Amino acid sequence: TSPFTSEVWMGNATGYPEGLYVIGYPRQWHRPLFSTSGRRREFTFKARVAAIPVIEVIDPATRDQSQPFWSRPHCIYGRLRLDSAGAAQPLDDIVGVSGGPLLSVERTTDGRIRYRLWGVQSAWLASERVVRVEPIEQVIGMLDEIYGQFERWSSARSTASESSDANTPGSTADRKPVTKRKVVSRASNPKQSKKRRS
């Protein structure tokens with residue numbers, strides 16, 4: 001398993017996809033597993049991955065864009081075929097697949113299979129079996145903006161903290177050197193010792 005890199009999504013405009021698939025773990029295929037150890041009971045589940053084919057790409061301009069689902073013209077809209085998602089049991093719904101990637105498959109000139117990341121599934125119109133996918137360029141742009149805001153906030157906080165430390169009385173910058181004095185106890189003073197013996 002390896003993470004996606006920019007090579008997987010850059011250059012989508014120049015690709016020639018032969019198929020589009022929404023990838024995820026539909027809840028319908030989850031199998032719960034229970035185990036007991038002493039007083040502790042653990043719950044896990046096995047999940048089968050689904051590659052759900054897009055059989056039609058829909059232009060949102062042909063739909064009522066006053067409806068929330070169709071109101072994002074920059075998104076990708078695709079109708080899914082749930083009965084051929086990669087298992088004997090056909091899907092009734094895609095609950096659990098939210099946030100899954102939309103991948104394209106194409107063949108290179110030398111016959112190899114190439115995958116491209118087109119976007120992230122963000123909404124589902126169950127009545128028409130249509131998904132709405134946020135294009136990956138939009139997702140990357142949002143993440144870059146969030147990361148930039150975090151960097152600016154972190155830098156400002158660090159600068160404010162340094163300024164506060166420099167202006168606080170008793171800070172390291174304002175502290176004067178401390179002169180250490182040697183303290184001699186009575187027990188170690190020879191004169192005091194003689195007095196006690198007399």
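This is a conversation between a trainee and a mentor about a predicted model of one protein chain.

Trainee: What makes up the secondary structure of the protein chain, and in which pattern along the sequence?

Mentor: The protein chain holds two helices and eight strands, and read along the sequence they follow the pattern β-β-β-β-β-β-β-β-α-α.

Trainee: How do you know how far the predictor trusts the protein chain, and where is confidence lowest and highest?

Mentor: The mean pLDDT of the protein chain is 76, with 70% of its residues at 70 or more. Confidence is lowest in helix α2 (residues 190-197), where the mean is 48, and highest in β5, where it is 95. Over residues 182-198 pLDDT stays under 50, and for this stretch the model has four contacts beyond four places in sequence.

Trainee: Why is strand β5 called largely enclosed?

Mentor: A residue is buried when its relative accessible area is under 20%. Four of the five residues of β5 (residues 76-80) are buried, so the strand is largely enclosed by the rest of the structure. For the protein chain, which has 198 residues, the buried share is 26%.

Trainee: How do you know that β5 is paired with β4 and with β8?

Mentor: Two strands pair if at least two bridges are found between them. Strand β4 (residues 50-58) and β5 are joined over four bridges in the antiparallel sense, and β5 and strand β8 (residues 130-135) are likewise antiparallel over four bridges, so both pairs meet the requirement of at least two. Tyr77 in β5 serves as a marker for both, since Ile58 stands opposite Tyr77, and Tyr77 in turn stands opposite Arg132 in β8.

Trainee: What makes strand β1 a partner of β6 and of β4?

Mentor: The rule is again at least two bridges. Four bridges join β1 (residues 19-24) to strand β6 (residues 101-107), and these two run antiparallel; Gly19 stands opposite Val105 in β6. Four bridges also join β1 to β4, again antiparallel, and here Gly24 has Ala50 of β4 as its bridge partner.

Trainee: Why is Phe34 called exposed, and what does it help to make at the surface?

Mentor: Exposed means over 50% relative accessible area, and Phe34 has 53%, so the term applies. Phe34 is found in strand β2 (residues 31-37), and together with Phe43 and Phe45 it makes a nonpolar surface patch of about 350 Å². For the protein chain, the exposed area is about 14,900 Å², of which carbon and sulfur atoms supply 53%.

Trainee: Why is the contact between Glu128 and Arg63 called a salt bridge, and what does the pair tie together?

Mentor: A salt bridge needs a side-chain nitrogen of Lys or Arg within 4 Å of a carboxyl oxygen of Asp or Glu. The side chains of Glu128 and Arg63 meet at 2.8 Å, N to O, so the pair satisfies that limit. Glu128 lies in the loop between β7 (113-125) and β8, while Arg63 lies in the loop between β4 and β5, so the pair ties together parts that are 65 residues apart in sequence. Glu128 is partly exposed at 26% relative accessibility, and Arg63 is partly exposed at 26%. By this rule the count of salt bridges comes to eight.

Trainee: How do you know that the residues of the salt bridge between Arg81 and Asp83 are partly exposed?

Mentor: Partly exposed is the range between under 20% and over 50%. Arg81 has 42% relative accessibility, so it counts as partly exposed, and Asp83, with 47%, also falls in that range. Their side chains meet at 2.8 Å, N to O.

Trainee: Why is Glu106 called buried, and how does its salt-bridge partner Arg114 count?

Mentor: Glu106 has 6% relative accessibility, so it counts as buried, whereas Arg114 has a relative accessible area of 35% and is partly exposed. The side chains of Arg114 and Glu106 meet in a salt bridge at 4.0 Å, N to O. Salt bridges that share partners join Glu106, Arg114 and Arg116 into one network.

Note on methods. Residues are numbered from 1 along each chain as its sequence is written. This is a predicted model: local features need pLDDT of at least 70, side-chain atom pairs count only at pLDDT 80 or more; totals for chains, interfaces and linings use all residues. Side-chain values use heavy atoms; hydrogens and water are left out. Buried means under 20% relative accessible area, exposed over 50%, partly exposed in between (1.4 Å probe, protein chains only). pLDDT is the predictor's confidence in each residue, from 0 to 100. Contact means heavy atoms within 4.5 Å. Patches are made of residues with over 30% relative accessible area and no salt bridge: like charges are joined within 9 Å, nonpolar side chains (Val, Leu, Ile, Met, Phe, Trp, Tyr) within 5 Å. Accessible areas come from the Shrake-Rupley method with a 1.4 Å probe; for residues, only the protein chains shown count as cover.
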